[in-house]
Amino acid sequence: FRASKDNNIAAIAAAPKAQAYGGLRAQALILAPLGLVASALFALGVAMLTRWQLSPRVRLRAALRRREFFILYQPIVDLQTGQWVGAEALLRWRRRNGTLVPPDEFIAEAEKAGVIASITRYVMDMVLADLPELLKASPGFHVSLNLSPQDLVADGPVQYLQRRFSAMEFPAGALMLEVTERGLVDIEAARPALQAARQIGASIALDDFGTGYSSLSMLESIDIDTLKIDRIFIASIGAQAAISPVTTHIIEMAHTLKLALIAEGVETQDQVDFLIARGVRQAQGWKFARAMPLVELLAGLRAAPPAHPQ
(Lines give C-alpha, C1' and ligand atoms only; values in the text may rest on other atoms or scores of the structure.)
Protein backbone atom coordinates (compact mmCIF):
# COMPACT_ATOMS: atom_id res chain seq x y z
CA PHE A 1 0.00 0.00 0.00
CA ARG A 2 1.36 3.45 -0.95
CA ALA A 3 -0.52 6.81 -0.60
CA SER A 4 0.38 10.19 -2.19
CA LYS A 5 0.86 13.17 0.08
CA ASP A 6 -0.16 15.68 -2.59
CA ASN A 7 -3.06 13.96 -4.32
CA ASN A 8 -5.97 11.91 -3.15
CA ILE A 9 -4.49 8.82 -4.70
CA ALA A 10 -3.38 5.49 -3.23
CA ALA A 11 -1.93 2.36 -4.82
CA ILE A 12 -2.13 -1.20 -3.59
CA ALA A 13 0.00 -4.13 -4.80
CA ALA A 14 -0.93 -7.68 -3.91
CA ALA A 15 0.56 -11.09 -4.52
CA PRO A 16 -0.41 -14.57 -3.47
CA LYS A 17 1.02 -15.67 -0.10
CA ALA A 18 2.46 -18.81 -1.62
CA GLN A 19 4.47 -16.72 -4.09
CA ALA A 20 5.77 -14.39 -1.34
CA TYR A 21 6.72 -17.26 0.95
CA GLY A 22 8.37 -19.05 -1.95
CA GLY A 23 10.60 -16.05 -2.59
CA LEU A 24 11.55 -15.91 1.06
CA ARG A 25 12.37 -19.59 1.09
CA ALA A 26 14.57 -19.19 -1.98
CA GLN A 27 16.44 -16.33 -0.35
CA ALA A 28 16.83 -18.30 2.87
CA LEU A 29 18.24 -21.27 1.00
CA ILE A 30 20.94 -18.96 -0.39
CA LEU A 31 21.62 -16.75 2.64
CA ALA A 32 21.56 -19.40 5.37
CA PRO A 33 24.51 -21.43 4.01
CA LEU A 34 26.42 -18.22 3.36
CA GLY A 35 25.80 -17.17 6.96
CA LEU A 36 26.97 -20.52 8.27
CA VAL A 37 30.13 -20.36 6.16
CA ALA A 38 30.82 -16.78 7.31
CA SER A 39 30.29 -17.77 10.95
CA ALA A 40 32.60 -20.76 10.59
CA LEU A 41 35.29 -18.63 8.95
CA PHE A 42 34.96 -16.01 11.69
CA ALA A 43 35.23 -18.65 14.42
CA LEU A 44 38.24 -20.20 12.71
CA GLY A 45 39.90 -16.80 12.44
CA VAL A 46 39.32 -16.09 16.12
CA ALA A 47 40.70 -19.51 17.07
CA MET A 48 43.79 -19.03 14.90
CA LEU A 49 44.38 -15.53 16.28
CA THR A 50 44.01 -16.79 19.85
CA ARG A 51 46.39 -19.66 19.18
CA TRP A 52 48.88 -17.28 17.58
CA GLN A 53 48.65 -14.88 20.50
CA LEU A 54 49.19 -17.74 22.98
CA SER A 55 52.17 -19.28 21.18
CA PRO A 56 55.44 -19.17 23.19
CA ARG A 57 57.21 -17.11 20.54
CA VAL A 58 54.52 -14.42 20.49
CA ARG A 59 54.11 -14.36 24.27
CA LEU A 60 57.85 -14.03 24.88
CA ARG A 61 58.32 -11.31 22.27
CA ALA A 62 55.36 -9.44 23.73
CA ALA A 63 56.92 -9.72 27.19
CA LEU A 64 60.15 -8.25 25.82
CA ARG A 65 58.28 -5.31 24.28
CA ARG A 66 56.43 -4.67 27.52
CA ARG A 67 59.68 -5.01 29.52
CA GLU A 68 58.20 -7.66 31.79
CA PHE A 69 61.65 -9.22 32.23
CA PHE A 70 63.92 -7.89 34.96
CA ILE A 71 67.25 -8.77 36.58
CA LEU A 72 68.20 -9.75 40.08
CA TYR A 73 71.83 -10.00 41.16
CA GLN A 74 73.19 -12.71 43.45
CA PRO A 75 76.51 -11.71 45.03
CA ILE A 76 79.62 -13.83 44.55
CA VAL A 77 81.63 -13.82 47.77
CA ASP A 78 85.33 -14.15 48.51
CA LEU A 79 85.35 -16.91 51.14
CA GLN A 80 88.53 -15.58 52.75
CA THR A 81 87.32 -12.01 53.26
CA GLY A 82 83.53 -12.23 53.00
CA GLN A 83 83.68 -9.45 50.41
CA TRP A 84 81.29 -9.25 47.45
CA VAL A 85 83.62 -9.45 44.47
CA GLY A 86 81.04 -10.08 41.77
CA ALA A 87 77.43 -10.98 41.09
CA GLU A 88 75.53 -13.27 38.78
CA ALA A 89 72.78 -11.59 36.74
CA LEU A 90 69.63 -13.73 37.03
CA LEU A 91 66.73 -13.09 34.68
CA ARG A 92 63.19 -13.08 36.04
CA TRP A 93 59.78 -12.69 34.35
CA ARG A 94 56.77 -11.08 36.00
CA ARG A 95 53.61 -11.09 33.88
CA ARG A 96 51.31 -8.10 33.72
CA ASN A 97 48.98 -9.80 36.21
CA GLY A 98 51.85 -9.97 38.72
CA THR A 99 52.57 -13.71 38.51
CA LEU A 100 56.18 -14.86 38.29
CA VAL A 101 57.15 -17.45 35.68
CA PRO A 102 59.87 -19.89 36.86
CA PRO A 103 63.16 -19.33 34.97
CA ASP A 104 63.55 -23.04 34.17
CA GLU A 105 60.20 -22.88 32.44
CA PHE A 106 60.54 -19.77 30.31
CA ILE A 107 64.22 -20.23 29.41
CA ALA A 108 63.51 -23.70 28.01
CA GLU A 109 60.47 -22.29 26.22
CA ALA A 110 62.52 -19.44 24.74
CA GLU A 111 65.15 -21.87 23.45
CA LYS A 112 62.51 -24.03 21.75
CA ALA A 113 60.78 -20.98 20.26
CA GLY A 114 64.02 -19.48 18.94
CA VAL A 115 63.67 -16.32 21.05
CA ILE A 116 66.56 -16.89 23.45
CA ALA A 117 69.06 -14.77 21.51
CA SER A 118 66.74 -11.75 21.71
CA ILE A 119 66.31 -12.31 25.44
CA THR A 120 70.09 -12.61 25.92
CA ARG A 121 70.64 -9.28 24.14
CA TYR A 122 67.98 -7.75 26.39
CA VAL A 123 69.86 -8.98 29.47
CA MET A 124 73.14 -7.68 28.08
CA ASP A 125 71.62 -4.24 27.58
CA MET A 126 70.34 -4.14 31.16
CA VAL A 127 73.65 -5.28 32.64
CA LEU A 128 75.64 -2.76 30.59
CA ALA A 129 73.29 -0.04 31.85
CA ASP A 130 73.94 -1.12 35.46
CA LEU A 131 77.71 -1.60 35.17
CA PRO A 132 78.79 2.05 35.58
CA GLU A 133 77.16 2.31 39.02
CA LEU A 134 78.50 -1.07 40.10
CA LEU A 135 82.07 -0.25 39.06
CA LYS A 136 81.83 3.13 40.75
CA ALA A 137 80.67 1.49 43.97
CA SER A 138 83.32 -1.24 43.77
CA PRO A 139 86.20 -0.98 41.28
CA GLY A 140 87.24 -4.46 40.19
CA PHE A 141 83.70 -5.82 40.58
CA HIS A 142 82.42 -8.15 37.85
CA VAL A 143 79.03 -9.33 36.66
CA SER A 144 78.48 -12.80 35.21
CA LEU A 145 76.02 -13.43 32.40
CA ASN A 146 74.51 -16.78 31.46
CA LEU A 147 74.65 -17.85 27.83
CA SER A 148 72.44 -20.39 26.11
CA PRO A 149 73.99 -22.87 23.67
CA GLN A 150 72.06 -20.98 20.95
CA ASP A 151 73.98 -17.80 21.85
CA LEU A 152 77.32 -19.35 20.92
CA VAL A 153 77.08 -18.74 17.20
CA ALA A 154 78.80 -16.52 14.66
CA ASP A 155 77.57 -12.91 14.85
CA GLY A 156 75.27 -13.75 17.75
CA PRO A 157 74.66 -12.13 21.15
CA VAL A 158 78.33 -12.36 22.22
CA GLN A 159 79.46 -10.39 19.19
CA TYR A 160 76.66 -7.90 19.93
CA LEU A 161 78.03 -7.59 23.46
CA GLN A 162 81.55 -7.13 22.10
CA ARG A 163 80.49 -4.14 19.99
CA ARG A 164 78.51 -2.49 22.78
CA PHE A 165 81.11 -3.17 25.47
CA SER A 166 83.95 -1.77 23.36
CA ALA A 167 81.99 1.38 22.55
CA MET A 168 81.32 2.02 26.25
CA GLU A 169 84.99 1.56 27.23
CA PHE A 170 84.47 -0.57 30.31
CA PRO A 171 87.58 -2.09 31.93
CA ALA A 172 88.63 -5.62 31.07
CA GLY A 173 87.44 -8.13 33.63
CA ALA A 174 84.12 -6.40 34.27
CA LEU A 175 82.22 -9.31 32.77
CA MET A 176 82.22 -13.07 33.15
CA LEU A 177 80.33 -15.17 30.61
CA GLU A 178 78.92 -18.46 31.86
CA VAL A 179 78.51 -21.27 29.34
CA THR A 180 77.02 -24.69 29.94
CA GLU A 181 78.44 -28.07 29.04
CA ARG A 182 75.81 -28.64 26.36
CA GLY A 183 76.76 -25.31 24.83
CA LEU A 184 80.26 -26.63 24.18
CA VAL A 185 79.35 -29.94 22.58
CA ASP A 186 80.42 -28.43 19.25
CA ILE A 187 83.50 -26.58 20.44
CA GLU A 188 84.52 -25.37 16.98
CA ALA A 189 81.11 -23.77 16.40
CA ALA A 190 81.33 -22.02 19.78
CA ARG A 191 84.93 -20.86 19.39
CA PRO A 192 84.20 -17.55 17.51
CA ALA A 193 81.89 -16.43 20.31
CA LEU A 194 84.45 -17.36 22.96
CA GLN A 195 87.13 -15.45 21.05
CA ALA A 196 84.86 -12.39 20.84
CA ALA A 197 84.45 -12.56 24.62
CA ARG A 198 88.21 -12.71 25.08
CA GLN A 199 88.67 -9.62 22.95
CA ILE A 200 86.78 -7.50 25.49
CA GLY A 201 88.61 -9.06 28.43
CA ALA A 202 85.66 -11.13 29.64
CA SER A 203 86.45 -14.29 31.57
CA ILE A 204 84.78 -17.59 30.71
CA ALA A 205 83.16 -19.85 33.30
CA LEU A 206 81.83 -23.37 32.74
CA ASP A 207 78.51 -23.45 34.58
CA ASP A 208 76.91 -26.46 36.31
CA PHE A 209 80.08 -28.48 35.85
CA GLY A 210 79.66 -32.20 36.44
CA THR A 211 75.97 -32.42 35.54
CA GLY A 212 76.49 -33.06 31.82
CA TYR A 213 79.08 -34.71 29.69
CA SER A 214 82.26 -32.75 30.26
CA SER A 215 85.52 -34.62 30.37
CA LEU A 216 89.08 -33.77 31.28
CA SER A 217 90.05 -33.81 27.61
CA MET A 218 87.27 -31.33 26.79
CA LEU A 219 88.37 -28.99 29.57
CA GLU A 220 91.89 -29.07 28.23
CA SER A 221 90.73 -28.25 24.70
CA ILE A 222 88.77 -25.09 25.52
CA ASP A 223 89.94 -21.80 26.94
CA ILE A 224 88.04 -21.28 30.19
CA ASP A 225 89.03 -19.59 33.44
CA THR A 226 86.56 -20.84 36.03
CA LEU A 227 84.55 -23.93 36.94
CA LYS A 228 81.27 -23.39 38.75
CA ILE A 229 80.48 -26.31 41.03
CA ASP A 230 76.80 -27.17 40.73
CA ARG A 231 74.62 -26.90 43.82
CA ILE A 232 73.84 -30.64 43.80
CA PHE A 233 77.49 -31.34 44.65
CA ILE A 234 77.58 -28.62 47.30
CA ALA A 235 74.45 -30.08 48.89
CA SER A 236 76.24 -33.43 49.20
CA ILE A 237 78.93 -31.97 51.48
CA GLY A 238 78.64 -33.60 54.89
CA ALA A 239 75.90 -35.94 53.68
CA GLN A 240 76.15 -39.67 53.13
CA ALA A 241 75.47 -39.29 49.42
CA ALA A 242 76.86 -41.33 46.57
CA ILE A 243 78.07 -38.17 44.82
CA SER A 244 79.92 -36.80 47.85
CA PRO A 245 83.39 -37.86 46.58
CA VAL A 246 82.67 -36.17 43.23
CA THR A 247 82.81 -32.73 44.84
CA THR A 248 86.36 -33.29 46.06
CA HIS A 249 87.31 -34.73 42.67
CA ILE A 250 86.01 -31.66 40.82
CA ILE A 251 87.97 -29.36 43.12
CA GLU A 252 91.17 -31.34 42.67
CA MET A 253 90.74 -31.45 38.91
CA ALA A 254 90.26 -27.67 38.75
CA HIS A 255 93.40 -27.11 40.82
CA THR A 256 95.34 -29.42 38.48
CA LEU A 257 94.17 -27.40 35.47
CA LYS A 258 94.83 -24.11 37.32
CA LEU A 259 91.19 -23.05 37.04
CA ALA A 260 89.40 -20.84 39.52
CA LEU A 261 86.36 -22.25 41.30
CA ILE A 262 83.00 -20.79 42.30
CA ALA A 263 80.70 -22.93 44.43
CA GLU A 264 76.97 -22.47 43.84
CA GLY A 265 74.13 -23.00 46.29
CA VAL A 266 76.15 -22.64 49.51
CA GLU A 267 73.78 -22.61 52.47
CA THR A 268 75.66 -23.75 55.60
CA GLN A 269 78.83 -22.95 57.50
CA ASP A 270 79.93 -26.58 57.19
CA GLN A 271 79.90 -26.19 53.44
CA VAL A 272 81.91 -22.97 53.72
CA ASP A 273 84.51 -24.65 55.95
CA PHE A 274 84.77 -27.62 53.56
CA LEU A 275 85.34 -25.35 50.56
CA ILE A 276 87.90 -23.13 52.29
CA ALA A 277 89.86 -26.17 53.48
CA ARG A 278 90.13 -27.35 49.89
CA GLY A 279 91.18 -24.05 48.41
CA VAL A 280 87.90 -22.89 46.86
CA ARG A 281 88.07 -19.12 46.88
CA GLN A 282 84.61 -17.92 45.82
CA ALA A 283 81.01 -18.95 46.37
CA GLN A 284 77.43 -17.82 46.10
CA GLY A 285 74.25 -18.94 47.81
CA TRP A 286 71.70 -18.17 50.51
CA LYS A 287 74.36 -18.48 53.19
CA PHE A 288 75.62 -15.09 52.01
CA ALA A 289 72.78 -13.39 50.13
CA ARG A 290 69.78 -14.10 48.01
CA ALA A 291 69.35 -12.59 44.56
CA MET A 292 68.48 -8.90 44.90
CA PRO A 293 67.63 -5.80 42.86
CA LEU A 294 70.38 -3.44 41.76
CA VAL A 295 69.64 -0.90 44.51
CA GLU A 296 70.19 -3.49 47.24
CA LEU A 297 73.39 -4.73 45.62
CA LEU A 298 74.74 -1.19 45.42
CA ALA A 299 73.83 -0.57 49.06
CA GLY A 300 75.71 -3.70 50.10
CA LEU A 301 78.77 -2.74 48.08
CA ARG A 302 78.83 0.79 49.49
CA ALA A 303 78.60 -0.54 53.02
CA ALA A 304 81.79 -2.62 52.60
CA PRO A 305 85.35 -1.79 51.51
CA PRO A 306 85.61 -1.90 47.69
CA ALA A 307 87.01 -4.94 45.94
CA HIS A 308 90.34 -4.53 44.22
CA PRO A 309 91.51 -6.17 41.00
CA GLN A 310 93.74 -9.11 41.67
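The side chain of Gln271 reaches the backbone nitrogen of Glu267 at 2.7 Å, and that is a good place to begin looking around. Please keep in mind that this is a predicted model. From Gln271, the tour moves on to the nonpolar cores and then to helix H3.

**Gln271 and its surroundings**
- You will find Gln271 in helix H10, which covers residues 269-277.
- Gln271 has a relative accessible area of 7%, so it counts as buried, the cut-off being under 20%.
- Leaving aside neighbours within four places in sequence, Gln271 is in contact with Ile234, Ala235, Ile237, Gly265 and Val266.

**The nonpolar cores**
- The largest nonpolar core holds 82 residues, and the members that touch the most others are Phe69, Val127, Leu131 and Leu275.
- Helix H4 gives the most to this core, with 12 residues.
- Beyond its neighbours within four places in sequence, Leu275 is in contact with Leu79, Ile234, Ile237, Ile251, Ala263, Val266 and Val280.
- There is also a second, separate core of five residues, among them Ile76, Val85, Met176 and Ile262.

**Helix H3**
- Helix H3 spans residues 103-113, and its buried residues are Phe106, Ala110, Glu111 and Ala113.
- In an α-helix, residues three or four places apart point the same way, because there are 3.6 residues a turn.
- The buried residues of H3 pack against two helices, H2 (56-65) and H4 (116-137), and against strands S3 (69-78), S4 (84-94) and S5 (100-101).
- Just after H3 comes Gly114, which has a positive phi near 75°.

Terms used
Residues are numbered from 1 along each chain as its sequence is written. This is a predicted model: local features need pLDDT of at least 70, side-chain atom pairs count only at pLDDT 80 or more; totals for chains, interfaces and linings use all residues. Side-chain values use heavy atoms; hydrogens and water are left out. Buried means under 20% relative accessible area, exposed over 50%, partly exposed in between (1.4 Å probe, protein chains only). Helices (H or I, at least four residues) and strands (E, at least two) are DSSP runs, numbered from the N terminus. Contact means heavy atoms within 4.5 Å. A nonpolar core is a set of buried Ala, Val, Leu, Ile, Met, Phe, Trp, Tyr and Cys residues joined through side-chain atoms within 4.5 Å. A polar contact is a pair of N or O atoms within 3.5 Å; within protein, one must be able to donate a hydrogen and the other to accept it, and residues adjacent in sequence count only if both atoms are side-chain atoms.
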